Structures are given as C-alpha cells and as structure tokens.
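Please open the model in your viewer and keep the selection panel at hand. The tour below goes from stop to stop, saying at each one what to select and what is there.

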Amino acid sequence: MGGNIGSSSEKTLLLKKGAEADLYLKEWHGRKIVIKRRISKKYRLPQLDKQIRIYRTIHEPQLMHRAKRAGVPTPTIFLVDIENAEIYMEYVEGKQLKQVLNNMSPKERLEICGHLGELVGRLHKNMIIHGDLTTSNMILTTNKQIIVVDFGLGEFSQELEARGVDLHLLKRAFESVHFEFAQACFSKVMESYAGIVGKREARRVLEKIREIERRGRYVSERKKID
Amino acid sequence: MYCLGIESTADDFSVGIVAFNGRILADVISAYFPETGGIHPREAAQHHSRVADKVVAKALKEAKINPEQISVVAFSQGPGLGPCLRTGATVARAIAVYLGVPLVGVNHCVAHIEIGKLTTEAQDPVTLYVSGGNTIVAAFEAGRYRVFGETLDIAVGNCLDVFAREAGYRQREGLPFGAIVERLAADGKKYHPLPYSVKGMDMSFSGLLTAALNLLHKGEHTIEDLCYSLQETVFSMLTEVTERALAHTEKLEVLLTGGVAANKRLQSMLRTVAKEHGAKFCVVPKQYALDNGAMIAWTGALAYRHGLTIPVEKSFVRLKWRLEEVEVPWVET
C-alpha cells in the first residue's frame, strides 16, 4: 500500500534517532515532510514487538487528528503505512519547548505555560490523553504557537485517572528538566487548564495527581508545589 | 577507617562492614520468610530483633576487626516498613553510642545505586533499580539522583512475587520468588499477550498482574507459558523506559541494580539496548543485588566523608523518603 508511494527517489535525511522511533526529513512530492518510523526492538519478542509497533502506528494519527479537531495544533498527516510502521507528516519549523523554556524571560515563560495549560485542557476535554506530555514533545514555532507532537503513547479515555497521570507526567517533566521554574510553570498550566475544563474538574484532577503521587509509594515534600 | 552498615528496610536484616577505600570486609544477611502471604511488618521486625546480635557478631568476625576499629555506624533510614526500619535504627544507635562514633542515616535507594557503582566501576550511569519494593529509573543530575521514571503502583518484584505465590510456590533460602519465575519462564514457549502499560516514563504493573492472575486461575495455560509471558511483558516495559532515559540523558552507562537485577532475561534485554546506544552495561553482582548491609556501610562511608552525620536524637526513620530528596555531594561529574 503506502510503501510504494513512500519509496519515491527523493533523498531522506535522518533527523532524530529516538528511543522508540526514528524521524526522517524528506522532500516528498514537493513538500518537506517528516517520516516517523517505529523501529523494531531486538530486545523484545517479535510478536510483542510487532503488536506494540502496529498499535502505536495506527493510534497515533487517530489521536493527532482528533486533537486538531479539539483545537490543538498537531502536524498534518499525509500517509500511514501500517506494514512498515511509518507515518508521513508535516515538517514543523520551530524549537522544542525543552530547549527554550529555561532561557525565557519569566513573563514569557508564564505566557507559554498558560498557553500550554489551555492546550492540555482542550485535549482532556475531548477525552484525548497524550501519554507523554514532556516539554520535548512540544514545538514552539516562530510565531509563538505550540504544536503538540508525538502522540505515540496516547489514548482515548474518559478516566480521571488517565488525565491525572497525563498531568503528573508534565509536572515530573518540569521537575526533572526545568526544576528551578517547575513550581511556577505547573501552577500556571493548571490555572489555564482550569479555564478550559472548569474549576471543579481541575480540582478533581489535582486531587487525583496527589493520589497518584501518594501511590508512587513515597510522598515527596515537593507536594507543596500544588 | 571502617564503616559498619545496618540494613533493615523489609524482610532482610543485614550487617556489612566496609573499609573507606571501598573494600567490603563483611556482609551477613538474615532473611525472614513468612509462613503464608507476604511480609508481615511486625513479624519481620521481630525476626530482625531476634537475630540482630548474632548478625552483628558474625559480621565483625568475618571482617576480622575489633568493634573499636569502627569509625562510623550507618543504617538504612528509609524508605521501608516502619517496624523493620525502627528495629535496625535502634541497633545502629546502640552501637554508635556504645562505641562513641558518629551515626549516618542512609537512603536505601541511594545505597542500591552506590553499591552498583562500587562493584561495577560505573561512573555516571542511567540506573534501573528493580526490587520487591521499588521500580525506579534514575540518573544523576545537579547534585541528586533524579527519578526519570518509576512505577505508578506496585513494584515489578512485587508483581512477580505475588504471581508465583498465587501459583502455589514457596520461596526459601537461596530461592526467591523471582528465581522461581525465571526458572519456569525458561521452559515457556507460547506468548500470551498481557496489558503493556508504559505511560510516558512511568509504568504500571497492577493491572498486568490482575490479567496474569486471571489467566492463571482459568487454568487453560501452562505455568511455564504464563511466567514466560509475564517476564517478557514486564521486562520489555522496564527496558523501554530505561532506553528512553538513556536517549534523553545521553549517558554512557546503564546500571542494573536491586533484587530483580539477578534475572538473566532482564540483563540480556538491557545489554542489547545499552549496546545499541554505545553505552556500557553494568550489573551488580548477585550477592549485592538483594538488600544487604554492605551497601549501607559503603554509602555511609561516602556520606560521612562529606560530614553528613546525624545526632542520635534526630535519627528518626523516614518511611517515605524519596530518592531525589537526597543530596549526594560525593558524586562528581
């Protein structure tokens, strides 16, 4: 199927070797595109390996599409090649939020976090769970728009638990990579998140995050962040 | 200079003696085995207080030193089971006061990482610490071991233990549940899909355990196939998260430590991943994989050299002491 269209002769450039997938930059029918190829992992059983790669290759575009409908910018999908576990999508010009967040002015940083909170709010309001909400998976474009990428671990879910885990991951990402600003950033995210999903729901999610942290066996003193 | 370390976070009571240059002189472990079910905290603590004097005496004898040669006493201050921790702490305080030497409280998770580094000569690894009570992927950054991923519910060792116990197996000296599962899995042939639950960098094992137990109770599959499927699924999850942390931090070593580190299948998966990233794979020797006093003694020596002693009257145990709360000034990068 798609494999034939994909294997046109234009040259391919390895953009990033990820833990789970490789990203290639390619000129494709006159456009700059990214091919995300889920690589086979030698460490796991072939059966389990194929199951995981195919599942994620099918689900990721579905989630990205739904995210767009919910008003969350994601790269446009051009082609999905299930057999080769490849997704062809738009190349987004910009920088990972992870790279730029620490070097912003405090005002700008909070603005961005506010924007981020709205996006997460819209995802969750539409039952979309990103599954890997870290600042590596957000691209800040030159016109200050955030494009959310990598829905590879995402899922559709109505569970409060799933929303809690999603935001718990974001909080943890702040704490591990942006620890100096973690508290301020996460509070701002939650503030604008509440603006989208409602104060009541935001409170429930925060309560859930606390519960998840407690379940994580050791309650940290950092809990005062909330 | 020697440090005597006491480990008593859970079912093991152990005393280790380590020289300040890193030489391990003694490591004596006495394990508590419950009659039925899992660890009963009070009964484990009673076991610890029953054997404490004998274990300390045996460790001193093994190290061939006099008590007066000990310059610092370290104990596992947390995280762990309250009654067990308090028993170990009481023994440690008594020895420190009797000898008139300083006391050091050691974080159990830090100790597992430090003994792994000491015995494998790893310098700055991404660590996968897996045991009956903990499942953590960590790496050093800015003065502390940062947690990159961990379990959201039960520990992976706990998951394997409960499965083996429910299947009717009993563990004994030298044959923990993990080894029983590993042995059975070696004869497994057919893989039965189980829920694969990686959420970003974190993992969840409780739903997976329930699914595996349901299959077990249905009685349609062989125990070998089930152990095989269980191992393949949980170890793939652990390996995926470790690989993510490795890709993220770009460190050049992978260290496997904790009780589950003894599993050969998990070792082989991590070895494969480390190789692909051009990183060195290090695994803690089997005798220091399980909870042991030597790791507490060694970490105590490191902490003592940086003046991290605590007065006896402030040496309360810390049941929920997180890894990343601990400053580790002895780590240089």
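Begin with chain B, where 12 residues of domain 1 are in contact with 16 residues of domain 2, contact meaning that the C-beta atoms of two residues, placed from the backbone, lie within 7 Å. Before going further, note that this is a predicted model, in which local features need pLDDT of at least 70 and side-chain atom pairs count only at pLDDT 80 or more, whereas totals for chains, interfaces and linings use all residues. Residues are numbered from 1 along each chain as its sequence is written, and chains are lettered from A and ligands numbered from 1 in the order in which they are written.

To see the two parts, colour residues 2–112 + 290–325 of chain B as domain 1 and residues 123–288 of chain B as domain 2; these bounds come from an automatic or database domain assignment. Taken over C-alpha atoms, the centres of domain 1 and domain 2 of chain B are separated by 26 Å. On the side of domain 1 of chain B that touches domain 2 of chain B, α3 (108–120) and α9 of chain B each supply at least two residues, and α3(B) gives the most, with three residues. Helices (H or I, at least four residues) and strands (E, at least two) are DSSP runs, numbered from the N terminus. By class, this side of domain 1 of chain B has nine nonpolar, two polar and one charged, where Ala, Val, Leu, Ile, Met, Phe, Trp, Tyr, Cys and Pro count as nonpolar, Asp, Glu, Lys and Arg as charged, and the others, Gly among them, as polar.

Next, select helices α4 (residues 156–166) and α5 (residues 177–185) of chain B, whose axes come within 8 Å and cross at roughly 70°. The axes are lines fitted to C-alpha atoms, for helices over the stretch in contact, and angles run from 0 to 180 degrees between N-to-C directions. That crossing makes α4(B) roughly perpendicular to α5(B), a label that covers angles of 65 to 115 degrees. Show side chains for the contact, which includes Leu160(B) and Phe163(B) of α4(B) together with Phe177(B) and Ile180(B) of α5(B); by class, it has six nonpolar, two polar and two charged residues.

Now move to Lys286(B), in the loop between β12 (280–283) and α9 (293–305) of chain B. Is Lys286(B) buried or exposed? With 10 C-beta neighbours inside 10 Å, Lys286(B) counts as exposed, since a residue is exposed if 12 or fewer other C-beta atoms lie within 10 Å of its own, buried if 20 or more do, and partly exposed in between, with C-beta atoms placed from the backbone. Add Gly174(B) to the selection: Lys286(B) and Gly174(B) are 112 residues apart in sequence and 11 Å apart in space, C-alpha to C-alpha.

Then bring in the other chain, for 27 residues of chain B are in contact with 25 residues of chain A. Of the side of chain B that touches chain A, α7(B) gives the most, with seven residues; by class, that side has 11 nonpolar, five polar and 11 charged residues.

Finish within chain A, which is divided into domain 1 (2–90) and domain 2 (95–225). Here 15 residues of domain 1 of chain A are in contact with 12 residues of domain 2 of chain A, and helix α2 (residues 46–69) of chain A gives the most to the domain 1 side, with seven residues. The last selection is helix α5 (residues 160–177) of chain A: 16 of its 18 residues are buried, so α5(A) is largely enclosed by the rest of the structure.

Technical notes. Parallel < 35°, antiparallel > 145°, perpendicular 65-115°, else oblique.
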